[in-house]
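Trainee: I am new to this structure and would be grateful for a close look at a single part of it. Please begin with one pair of facing residues and proceed outward from there.

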Amino acid sequence: MNIEHFLSDTISTVLNGLFDLTSKPEEITLQRTKKEFEGDYTLVTFPYIKAAKTTPEKTGELIGEAILKANPAITKFNVVKGFLNFSLANDFWVSEFKNISKTANYGVKPANSSGKQVMLEYSSPNTNKPLHLGHVRNNLLGYSVATILKTQGHDVIKVNLVNDRGIHICKSMLAWKLFGNNETPESTGLKGDHLVGKYYVIFDKEYKKQVQELVEKGNTKEEAEKQAPIMLQTQQMLLQWEAGDTEIIELWKKMNNWVYDGFKVSYKKLGVDFDKMYYESNTYLLGKEIVQEGLAKHVFYKKENNSVAIDLTNEGLDEKVVLRSDGTSVYITQDLGTAIERFKEFPKIGQMIYTVGNEQDYHFKVLFKILQKLGYDWANECYHLSYGMVELPEGKMKSREGTVVDADDLMDGMIETAKETTEASGKIVEFPQEEKDELFKTIGMGALKYFILKVDPKKKMLFDPKESIDLHGNTGPFIQYAHARIKSILRDYNQPTETISIPDNLQLHEKEKELIKHQYDFPKILEESADTYNPAVVANYIYDLAKLFNQFYNECSVLKEENSSIKQFRIKLIETTSNIIKNGMLCLGINVPERM
RNA sequence: GGCCCCGUAGCUCAGCUGGAUAGAGCAACAGCCUUCUAAGCUGUGGGCCAUUGGUUCGAAUCCAAUCGGGGUCACCA
């Protein structure tokens with residue numbers, strides 16, 4: 001039973017009867033009464049004063065009286081200016097709570113129950129450098145949205161499209177060949193992705209040096225950038241790669257494998273995973289037939305120089321080239337091909353989500369528009385999950401200039417901070433070493449993940465590496481701590497909670513009522529979060545719940561309570577609280593420890 | 001310059017399908033551990049919600065303009 005529907009039905013009937021209106025229940029907007037006022041739900045009566053032909057106060061009184069008679073669940077009301085606050089019977093909330101507490105996995109729908117299949121692409125790393133903070137946001141966001149969509153009963157296929165070929169990969173390869181002295185992850189003790197990243201930086205240094213030399217010899221900067229020998233060699237290498245040159249391919253495979261070994265470790269630490277991997281080396285030629293198809297359909301046209309393009313000026317976009325004059329593909333060509341390929345491979349997908357930074361907003365607008373024009377009706381189900389950059393106090397991160405926050409360093413640093421703080425608290429001395437290590441990881445990663453996911457994805461966010469992420473206040477560990485506390489109480493309670501039966505006529509404490517009301521919102525929060533692809537909705541909700549619990553904890557002692565039915569009720573109440581906290585945190589990919 | 005996104009406490013962020021006195025955390029200050037975990041709780045100070053106009057009974061929220069910040073406008077990816 002949904003309380004809001006129940007109420008708006010009554011209200012709409014009452015309104016229509018009183019003022020000769022034809023309002024429908026779904027048009028009634030009810031809101032939770034603000035904490036400072038008495039009541040559970042509030043109806044704003046301003047919209048009805050015209051029909052009532054009287055003052056807002058009087059209108060409120062009229063509606064209030066009528067509602068009191070019409071719905072026995074409503075016990076009293078009060079009017080403040082144009083706000084009609086009414087209270088629901090105490091046992092109404094108690095019975096709602098009973099439903100919440102006995103619904104297994106409250107708010108989470110059974111797996112695959114919606115029948116909708118969603119493909120979600122995220123991560124999409126390049127194999128020429130290790131992951132950095134920007135990737136971390138991408139990975140956490142993608143994984144979290146996938147999990148939240150699963151709570152709505154969707155069948156989610158998580159995919160990763162690895163950018164494993166191209167000029168930037170050749171840069172690392174060439175630099176290693178020239179200056180690498182046969183270094184390997186084994187010989188250096190470096191993580192594979194870091195080793196390859198090292199040579200990407202070396203390439204850039206050497207390149208800049210060569211450009212500088214050419215400029216000093218009298219070339220313009222532009223000429224120098226084109227003529228630098230190391231750049232020419234790189235381009236040559238890319239051609240050899242495309243021609244399938246055995247030696248180059250072997251080098252490419254060897255170095256990519258180092259990177260994959262490294263990524264594997266980072267992904268595991270991040271707690272993300274994929275159902276299917278795509279590699280651009282396999283997909284980069286896709287899409288050329290589509291261009292021919294589009295030409296035949298007159299969606300595309302050939303330009304004088306033989307390149308193929310589409311005119312999107314009528315859509316407020318520009319002309320976009322989809323095939324170069326030499327017949328090779330551009331970025332969007334393979335994106336077209338890949339999308340079509342995926343829908344062929346998984347005919348049941350009802351939605352395709354791309355988790356990609358907002359610097360590509362325009363690209364995806366164009367991509368979806370072209371798919372639409374080509375007549376693929378699923379183009380309307382494609383969605384660009386766009387997120388803002390992570391900025392440092394000095395501004396944007398740049399891989400080549402070394403102004404990046406490395407993902408592995410960041411994670412290790414967080415775990416180390418968690419370790420120091422946890423050990424300093426002295427609460428875990430008797431924990432077995434294994435549990436300690438696990439706990440440091442859980443807390444450190446929880447702090448990092450929550451820090452990133454609590455902010456609205458579409459907004460850019462600021463990260464200051466000099467100030468380590470907080471462990472107090474609105475943070476992951478705060479929520480984890482609330483959960484651990486509840487678990488601790490439940491352990492001390494020492495009796496099975498399944499058998500607890502709660503009397504209907506229980507008199508609720510103010511904080512208990514707040515907790516129930518907040519719990520009641522959880523399914524709606526999950527839905528909203530899924531609809532908007534915004535994990536921050538869940539994050540901020542869970543924080544509020546944990547905060548409420550802490551206040552409750554401070555005001556009402558649970559185990560010391562004399563009255564046994566109140567005591568049992570409270571046990572049950574905090575148990576559901578911990579379940580919701582756990583479910584919510586899992587949506588964010590954050591684990592919650594049993595004790596800390 | 002065209003288009004897109006953002007501007008809320010000193011800092012990091014909520015609130016944005018219009019509603020009551022704009023909320024948290026951090027930082028500062030003052031309290032609370034003989035009581036189920038003080039990673040906690042309570043209190044104080046801190047705001048022309050970028051600016052101006054419009055719509056409305058009512059605007060942080062919607063619309064327009066302006067100013068600031070970012071992104072993007074490749075036969076790069």
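Mentor: In this predicted model, valine 118 stands opposite valine 156, a residue of strand E6. Valine 118 is a fitting place to begin, for the strands around it can be followed one by one. Strand E5, residues 117-121, pairs with strand E6, residues 155-162, in the parallel sense, and five bridges connect them. To pass from E5 to E6, the chain goes through helix H5, residues 133-151, and the resulting β-α-β crossover is right-handed.

E5 has a further partner. Strand E11, residues 349-357, runs parallel to E5 and is joined to it by five bridges. In that pairing, glutamine 117 is found opposite isoleucine 349 of E11. As to its surroundings, E5 is mostly covered, since four of its five residues are buried.

Burial leads to the nonpolar cores. In soluble globular proteins, nonpolar side chains tend to be buried together. The largest nonpolar core here contains 114 residues, and those touching the most other members are Val538, Ile542, Ala546 and Ile581. Helix H21 gives the most to this core, namely 11 residues. Alanine 546 may serve as an example: with its neighbours within four places in sequence left aside, it is in contact with Phe478, Ile479, Ala482 and Ile581. There is also a second, separate core of 22 residues, which includes Leu7, Ile11, Leu43 and Ile67.

Helix H21, residues 535-555, also supplies at least two residues of the surface near RNA strand B, as do, among others, strand E2 (41-44), strand E4 (83-88) and helix H18 (476-493). H18 gives the most to that surface, with eight residues. Around RNA strand B there are 69 residues, of which Arg324, Tyr331, Asp456, Gly473 and Ser488 come nearest. Sorted by class, this surface has 26 nonpolar, 24 polar and 19 charged residues.

A contrast to the parallel pairings of E5 is offered by an open sheet of three strands, in the order E8-E9-E10, whose pairing is antiparallel. Its edge strands, E8 (301-302) and E10 (319-323), each pair on one side only. Between E8 and strand E9, residues 308-311, there are two bridges, and tyrosine 301 stands opposite alanine 309 of E9.

Technical notes: Residues numbered from 1 in each chain as written. Chains lettered and ligands numbered in written order. Predicted model: local features only at pLDDT ≥ 70, side-chain atom pairs only at ≥ 80, totals over all residues. Pairing = 2+ DSSP bridges. Near = placed C-beta within 6 Å. Nonpolar A, V, L, I, M, F, W, Y, C, P; charged D, E, K, R; others polar. Buried ≥ 20, exposed ≤ 12 C-beta atoms within 10 Å, placed from the backbone. Right-handed = clockwise from strand over helix to strand, strands pointing away. Core = buried A, V, L, I, M, F, W, Y, C linked by C-beta atoms within 7 Å. Contact = placed C-beta atoms within 7 Å.
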